[in-house]
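Here is a walk through a predicted model. Keep the structure open while you read.

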Amino acid sequence: MSDDPLLQPYRLKHLTLRNRIMITSHEPAYPEDGMPKDRYRAYHVERARAGVALTMTAGSAAVSRDSPPVFNNILAWKDEVVGWMKRLTDECHDHGTAVMIQLTHLGRRTRWDKADWLPVVSPSHEREAAHRSFPKKMEDWDIQRIITDYVDAAERMKAAGLDGLELQAYGHLMDQFWSPLTNDLEDEYGGSLDNRLRFTFDILRGIRERCGPDFLVGLRYTGDECLPGGFGADDGITISQKLKDSGLVDFLNVVRGHIDTDAGLTDVIPVQGMRNAPHLEFAGRIRKATEFPTFHAAKIPDVATARHAIAAGLVDMVGMTRAHMADPHLVRKIVEGREDDIRPCVGANYCLDRIYQGGLAFCLHNAATGREETMPHDIPAASEPRRVTVVGAGPGGLEAARIAAERGHAVTVFEAADQSGGQIRLTARQERRREMISIVAWRMAMCQKRGVTFRFNAFAEVDDVLATRPDAVIIATGGLPHTEVLGAGNDLVCSAWDILSGDVKPGQDVLIFDDAGDHAGLQAADIIAATGARVEIVTPDRSFAPEVMAMNLVPYMRSLQARDVTFTVTWRLLSVAREGNRLRATLGSDYGGMTRDRLVDQVVVNHGTRPLDDLYFDLKPLSRNLGRLDHDALLAGLPQWVDDNPEGRFQLFRIGDAVAARNTHAAIYDALRLVKDI
């Protein structure tokens with residue numbers, strides 16, 4: 001048996017978990033019609049097959065109809081869920097992985113205009129900022145019917161063969177009862193701490209009576225709201241002890257903080273640039289105080305931190321949820337002594353930010369996650385080796401090179417710069433986003449292990465490419481900033497990239513026109529504001545930086561607001577003119593009929609990129625497919641067999657920003673779904 005703390009089995013009541021690594025409950029928004037169908041099942045089974053001990057499904061599975069999901073959660077109030085959960089559970093069990101689910105009622109953390117248009121409910125009328133609904137203050141009959149709904153949902157999960165469940169109590173209805181900030185009931189469910197906990201214990205008793213003593217039950221809960229007027233750490237320890245002493249729960253899954261605002265949510269589930277494992281010591285404090293099975297997860301992205309959590313006795317099971325989105329084979333690689341091969345989570349939070357905007361959770365740099373039915377995590381070998389030439393060593397180009405090499409092909413990569421990385425290297429220059437460089441470093445390491453040939457400082461031309469005698473050419477040359485968006489004065493502006501690279505020195509009174517809404521504009525603002533300059537960000541959108549999304553926006557806002565940056569929405573930069581040693585920027589409105597002027601000394605434009613595609617078009621007439629992509633084959637996961645030019649010597653494809661300005665995930669996905677079949 002291994003002496004690695006992470007690989008030691010753990011006995012939870014009657015259930016033996018094969019190691020100390022778990023995936024905590026989260027909702028990747030994969031359900032169809034509220035059910036965990038094939039995509040959902042494939043996602044969990046992939047991780048079970050690779051050795052994770054426990055997978056917790058369904059963050060926030062809804063127990064009641066007046067708890068409508070705000071991002072496509074499982075509907076645990078439907079009897080239909082039993083069959084789908086049983087299929088998922090049975091298949092995970094076949095691979096030795098235990099399965100649980102998280103049940104909840106959202107309370108005020110949803111909207112009244114979703115699903116059945118029922119009023120949201122809570123133990124007070126206090127509105128949650130994030131979802132904006134003013135709740136109905138619960139009546140006695142509301143409380144009793146929801147208790148019944150919880151118990152009914154738990155019985156469905158037992159019928160599906162799950163090993164157990166956890167109840168969610170941070171930001172949702174259960175701890176809305178706990179908190180003095182959200183419970184002003186005057187009956188037996190309000191007032192004292194014991195009264196505020198009564199709703200929880202009524203549910204727990206009901207589940208035990210219906211499901212019996214062997215069905216595992218725990219809580220994922222906040223042990224400290226970190227809010228003035230809310231319950232604090234001492235209260236959290238008291239609650240933890242009461243849960244243990246009740247004999248109704250089998251484990252505690254501890255978090256810390258509140259999630260009623262974007263900032264609060266981001267402190268509970270930190271993103272890149274924020275401290276790793278910020279609540280681990282607090283979880284250890286709960287475990288020490290209760291001497292009870294304690295689980296925890298919150299930005300534990302690497303094996304070393306997880307190993308410390310177990311070895312130091314801080315927790316009994318460590319959650320590595322986003323880490324498993326980046327690399328579902330994490331446990332298998334630990335077992336095989338291949339920790340260096342683990343694809344690292346970079347904390348980009350593309351996964352969570354997408355679901356909070358109504359999309360599916362995808363990992364920024366593992367395009368197979370959430371697409372397990374069609375995209376491989378393990379790249380299959382090709383039937384015969386070929387020569388593949390990649391031009392550009394940004395994330396898309398490196399992914400193309402990695403996959404081609406894993407297929408067994410001979411791969412050559414041309415890169416005009418003296419090192420790989422492309423736009424990622426610009427992004428990672430800022431300390432808060434330095435974790436992004438791991439996207440590049442991991443791919444470089446994988447390519448080097450597989451013998452990929454790199455030619456740096458090589459601005460490839462047609463003859464250079466032809467000299468490699470390629471069977472396939474992938475153009476991943478990216479794009480260059482596009483700033484010529486003004487009616488006049490395009491020559492007087494610089495790009496956000498100019499600021500990020502250090503090629504242009506920040507001014508002292510700066511207007512940033514951000515019409516792309518991505519990280520580059522905010523990063524430029526952060527760099528400029530840090531010099532003490534006055535900065536105004538102007539966007540024609542109704543909100544600024546929509547591509548950055550909610551949780552990633554939080555660290556920017558804390559930094560930019562502290563430096564008194566001005567944010568101006570619904571205005572468009574029309575022109576720039578020189579006025580003495582200053583610049584007059586004229587703003588207009590898409591709503592019509594208005595202009596405003598700003599007198600500044602620097603104008604920065606963030607308007608995305610335009611493809612750097614000259615080489616592609618030079619190679620196009622020499623290729624067998626004339627650059628054409630068969631979309632039907634691509635979407636069906638089939639190889640490309642376009643043969644428009646039988647005299648052509650190679651297949652030609654382009655990916656990422658060499659096609660159109662998109663993002664890192666798009667470039668990597670382009671590479672995966674093309675090159676896996678070359």
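Start with two helices, H3 (residues 140–159) and H5 (residues 193–211). Their axes come within 9 Å and cross at roughly 40 degrees. Angles under 35 degrees count as roughly parallel. H3 and H5 are therefore oblique to each other. Their crossing is right-handed.

Which residues of H3 and H5 meet? On the H3 side they are Ile143, Ile146, Ile147, Tyr150, Val151, Asp152, Ala154, Glu155 and Lys158. H5 brings Phe199, Asp202, Ile203, Gly206, Ile207, Arg210 and Cys211. Sorted by class, this contact holds 10 nonpolar residues, 1 polar residue and 5 charged residues.

Now move along the chain to a sheet. Here 5 strands form an open sheet. Their order is S18-S25-S19-S20-S21, and the pairing is parallel. The edges are strand S18 (494–495) and strand S21 (566–569). Each of these edge strands pairs on one side only.

Look at the S21 edge. Strand S20 (residues 534–539) pairs with S21 in the parallel sense, over 4 bridges. To find one bridge, pick Glu536; its bridge partner in S21 is Thr566.

A helix also packs on this part of the model. Helix H18 (residues 519–529) lies across strand S19 (509–514), S20 and strand S25 (602–606). How does H18 run relative to S19? The angle between H18 and S19 is about 170 degrees. Angles over 145 degrees count as roughly antiparallel, so H18 and S19 run roughly antiparallel.

Definitions and conventions. Residues are numbered from 1 along each chain as its sequence is written. This is a predicted model: local features need pLDDT of at least 70, side-chain atom pairs count only at pLDDT 80 or more; totals for chains, interfaces and linings use all residues. Side-chain values use heavy atoms; hydrogens and water are left out. Two strands pair if DSSP finds at least two bridges between them. Contact means heavy atoms within 4.5 Å. Axes are lines fitted to C-alpha atoms, for helices over the stretch in contact, and angles run from 0 to 180 degrees between N-to-C directions. Angles under 35 degrees count as roughly parallel, over 145 as roughly antiparallel, 65 to 115 as roughly perpendicular and the rest as oblique. A crossing is left-handed if the near helix is turned anticlockwise from the far one by less than a right angle, and right-handed if clockwise. Ala, Val, Leu, Ile, Met, Phe, Trp, Tyr, Cys and Pro count as nonpolar, Asp, Glu, Lys and Arg as charged, and the others, Gly among them, as polar.
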